[in-house]
Amino acid sequence: MSTTTPSTAPASGVAGKNVIAEGVVAKVAGIAAREVPGVHDLGTAAARAVGAIRTAINAQDRAQGVSVEVGETQAAADIIIVAEYPVDLQKVADDVRTAVTRAITQVVGLEVTEVNVTVSDVHIPSDDSAEAETESRVQ
């Protein structure tokens, strides 16, 4: 689905309308959320598994873990994150909300009515090193 946003006549004096797809808004929100310190990844475990496959074939989904609802002048977003351990989860969620709101407002030009953030998991860096050790022993 896409949204049509009314546009004032640009400097050229030619009137028209702008159409912005929901996928574009979701991608902008996903990029903004990933840039927040303390966010390890986005999406549920199943979505991250599919995302790992997509990344392996060089087709990363930047909107993974993001759903948006877009109207003519407003947008709302739901973001699912995996946080790094140990971080203040409330602060990371608030920072994600702020970053996503700012990105949608500045890049897309829509008013953001709400951003819901769900922390679905906590990433523990020692889990990565344990996996790396196991992988290095098996050659």
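Arginine 97 is partly exposed, with a relative accessible area of 31%; partly exposed here is the middle ground between buried (under 20% relative accessible area) and exposed (over 50%), using a 1.4 Å probe and protein chains only. This arginine 97 pairs up with aspartate 94 in a salt bridge, and the closest N and O atoms sit 3.0 Å apart. A salt bridge, for the record, is a side-chain nitrogen of Lys or Arg within 4 Å of a carboxyl oxygen of Asp or Glu. Aspartate 94 is partly exposed too, at 39% relative accessibility. Because arginine 97 and aspartate 94 are three residues apart in helix α3, about one helical turn separates them. Helices (H or I, at least four residues) and strands (E, at least two) are DSSP runs, numbered from the N terminus.

A few ground rules come with this picture. The model is predicted, so local features need pLDDT of at least 70 and side-chain atom pairs count only at pLDDT 80 or more, while totals for chains, interfaces and linings use all residues. Residues are numbered from 1 along each chain as its sequence is written, and side-chain values use heavy atoms, with hydrogens and water left out.

Searching the whole structure turns up three salt bridges. Another of them joins the side chains of aspartate 95 and lysine 91, at 2.7 Å from N to O. Both aspartate 95 and lysine 91 belong to helix α3 (residues 89-108), where they are four residues apart, or about one turn of the helix. Aspartate 95 is partly exposed at 27% relative accessible area, and lysine 91 is partly exposed at 48%. There is also a salt bridge between the side chains of aspartate 41 and arginine 34, at 3.9 Å from N to O. Here aspartate 41 has a relative accessible area of 21% and arginine 34 one of 23%, which puts aspartate 41 and arginine 34 in the partly exposed class. In general, side chains of opposite charge can pair when their charged atoms come close.

Stepping back to the fold, the chain has four helices and six strands. Read from the N terminus on, the elements go β-β-α-β-α-β-β-α-β-α. Of the 139 residues in the chain, 32% count as buried. Contacts (heavy atoms within 4.5 Å) often span a good stretch of sequence: among those between residues at least 6 apart, 67% join residues at least 24 apart.

What about the inside? A nonpolar core is a set of buried Ala, Val, Leu, Ile, Met, Phe, Trp, Tyr and Cys residues joined through side-chain atoms within 4.5 Å. The largest one has 30 residues, and Val25, Ile79, Ile81, Val96, Val100 and Ile104 touch the most other members. At least two residues of this core come from each of α1 (22-34), β3 (39-42), β4 (66-70), β5 (74-84), α3 and β6 (111-123). Helix α3 gives the largest share, eight residues. Leaving aside neighbours within four places in sequence, isoleucine 79 is in contact with a set of residues including Ala29, Leu42, Val66, Val96, Val100 and Val117.

Some polar residues are tucked away as well. Glutamine 64, in the loop between α2 (45-56) and β4, counts as buried at 8% relative accessibility. Its side chain reaches the backbone oxygen of leucine 42 at 2.6 Å. Histidine 123, in strand β6, is likewise buried, at 13% relative accessibility. A polar contact of 3.2 Å links the side chains of histidine 123 and glutamate 84; such a contact is a pair of N or O atoms within 3.5 Å, where within protein one must be able to donate a hydrogen and the other to accept it, and residues adjacent in sequence count only if both atoms are side-chain atoms. Beyond its neighbours within four places in sequence, histidine 123 is in contact with His40, Val82, Ala83, Glu84, Tyr85 and Asp128.

On the outside, the chain exposes about 8,500 Å², with carbon and sulfur atoms supplying 52% of it; these areas come from the Shrake-Rupley method with a 1.4 Å probe, and for residues only the protein chains shown count as cover. Leucine 89, in helix α3, is partly exposed at 35% relative accessibility. Finally, the peptide bond from tyrosine 85 to proline 86 is cis, with omega near -5°, and proline 86 lies in the loop between β5 and α3. Most peptide bonds are trans.
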